[in-house]
Amino acid sequence: GHRALQPNRHSHRQHQQQQQADQQQQQQRVPDGWTPASWKSMPVKQQPTYSDPSQVDTALGRLRSLPPLVHWGEIDRLRKSLADAAEGNCFVMQGGDCAELFQYCNQTQIENKLKILLQMSLVLTWGARTPIVRIARIAGQYGKPRSSPTEVVDGKTVPSFRGDNVNGFELSEREANPDRLVQAYFHSAATLNYVRALVSGGFADLRHPDNWTLEHVRLESTRRMYEDMVGRMLDALHFTKTIGAAESHGLETVDLFVSHEGLLLDYESALTIPVNNQFYNVGTHFLWIGDRTRQLDHGHVEYFRGISNPIGVKVGPSTQPNELVELIRTLNPCEIPGKVSLITRYGCDKIQSSLPAHIAAVQAAGIKVAWICDPMHGNTESTASGLKTRNFDKILKELSLAFEIHQQHGRQLNGVHFELTGDTVTECTGGSVNLVEEDLSRNYQSFCDPRLNYEQSLDMAFLIADFFQR
Ligand code: PEP
Ligand code: MN
């Protein structure tokens, strides 16, 4: 009886050696008993109910027969970049829609989104003097967690809209439809294909500043600030060329990764394949677990612990520090660098009572993760007329406090996470054009959370760049 309680020193050493070897190769071992479907034996939140399960099987079979959307080599590269970010050697910028819709899969909206992400990352690279890891919430950000399975519209109780991969926003489309799982794959593929084409075709080439037109920037001061920065940057590039320093091919193109919340586990596990004794989700580069689905003994954590993709975990004011440490250990037992990023979302008046204890607990456990600040989800409020909105200054305040608190703990903030769009929507208040509540109804487009518009996003990038100068 007693013996079983004694740590077996020999196997402990072997375990440590194996762990070190795994870390060196950045190879994750598949946990004992894990399969892409092992989550099915556990409680799982936020999954749709379909009226005909056989149609779901048909859709999942189709998904399993389709080719990967991304390559595992790209996934490994992102994981290594995130390991660098955790060390403070680069900075993560993640952003995109709250709920991506199939109808956003068109030339204009993809170009607009890519443009604002590239312009923001340019401002950050220049201002922060650090490489930026760009991760878009795109090409698969369809599934949405909901606080209630039904809602009342015009006096009628209907199923809530769970995102385009489950049902449609139109009242006649609210039944969960398994064919949408396959449609999600093809819309992701078409979106990702055009993103890749834009990047490799020259849309991101630093030496062609006409790609950086500012026609949406109405405010003269923002435009001047940005033009001034682009001018100085081009001078620097010209100087490098004049003195004969080799032009690196870093100028022509950029790395851009895609991500979404890994919510619908049927969909995610159908796109999970074995490669080199590991499992990769080849439907996207980076997935995160939402605030509502990170229970230690539930299906989402089970699924996420077995894949080799880098993953995020949303962390909020309800997360207990010891629970956070246990969660990271469960998700990354081999301590693969770059595997786990924490995406914190407290709200500007809760961050001070939550983040310090979270950082302290993770530091005390000797764990390395990238810390990314999501200043959006803790700062959602409703207007008197019932519109969901967020205020620019509160978003900025949470960010500013995140920078400060990390610094007080002898480390750096490693990245930011925004809900934004390249279009001129009116969903958040404030910013340099100072939108007020009455402006919101003018062009409120979001079917889910309010996003920063084009100008507010660019404003935000300049202000973040400023934090690095302090
Ligand atoms: C989201 O990122 O859109 C989201 C639902 O966030 P959270 O899980 O942090 O509430
Ligand atoms: Mn959201």
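Here is a walk through the structure, from its barrel of strands to two annotated residues and a ligand.

Keep in mind that this is a predicted model, in which local features need pLDDT of at least 70, side-chain atom pairs count only at pLDDT 80 or more, and totals for chains, interfaces and linings use all residues. Residues are numbered from 1 along each chain as its sequence is written, while chains are lettered from A and ligands numbered from 1 in the order in which they are written.

Let's start with the barrel. Eight strands close into it in the order β1-β2-β5-β8-β9-β10-β11-β14, with parallel pairing. Strands here are DSSP runs of E with at least two residues, helices are runs of H or I with at least four, and both are numbered from the N terminus. Two strands pair if DSSP finds at least two bridges between them. In general, strands of a sheet pair through backbone hydrogen bonds, either parallel or antiparallel.

For a single pair, look at β10 (residues 340-344) and β11 (residues 370-373), which are joined in the parallel sense over four bridges. Within this pair, S341 has A370 as its bridge partner, and L342 stands opposite W371. In a regular strand the side chains alternate between the two faces of the sheet. You can follow this along β11: A370 and I372 point one way, W371 and C373 the other way, and all are buried. "Buried" means that 20 or more other C-beta atoms lie within 10 Å of the residue's own; 12 or fewer means exposed, anything in between partly exposed, and C-beta atoms are placed from the backbone.

Now for two residues of special interest. An unreviewed UniProt entry places the feature "binding site" at R137 and K314. Although spread over 178 residues of sequence, they cluster in space, with a largest C-alpha distance of 14.3 Å. UniProt positions follow the numbering used here, feature names are shortened, and annotations may be inferred rather than shown by experiment.

R137 belongs to strand β2 (residues 132-137), and K314 to strand β9 (residues 311-315). Why does R137 count as buried? Because it has 26 C-beta neighbours inside 10 Å. K314 is buried too, because 21 other C-beta atoms lie within 10 Å.

Finally, K314 leads us to ligand 1, which is surrounded by C98, P145, G290, D291, R292, K314, R345, H377 and D449; such residues have their C-beta atom, placed from the backbone, within 6 Å of the ligand.
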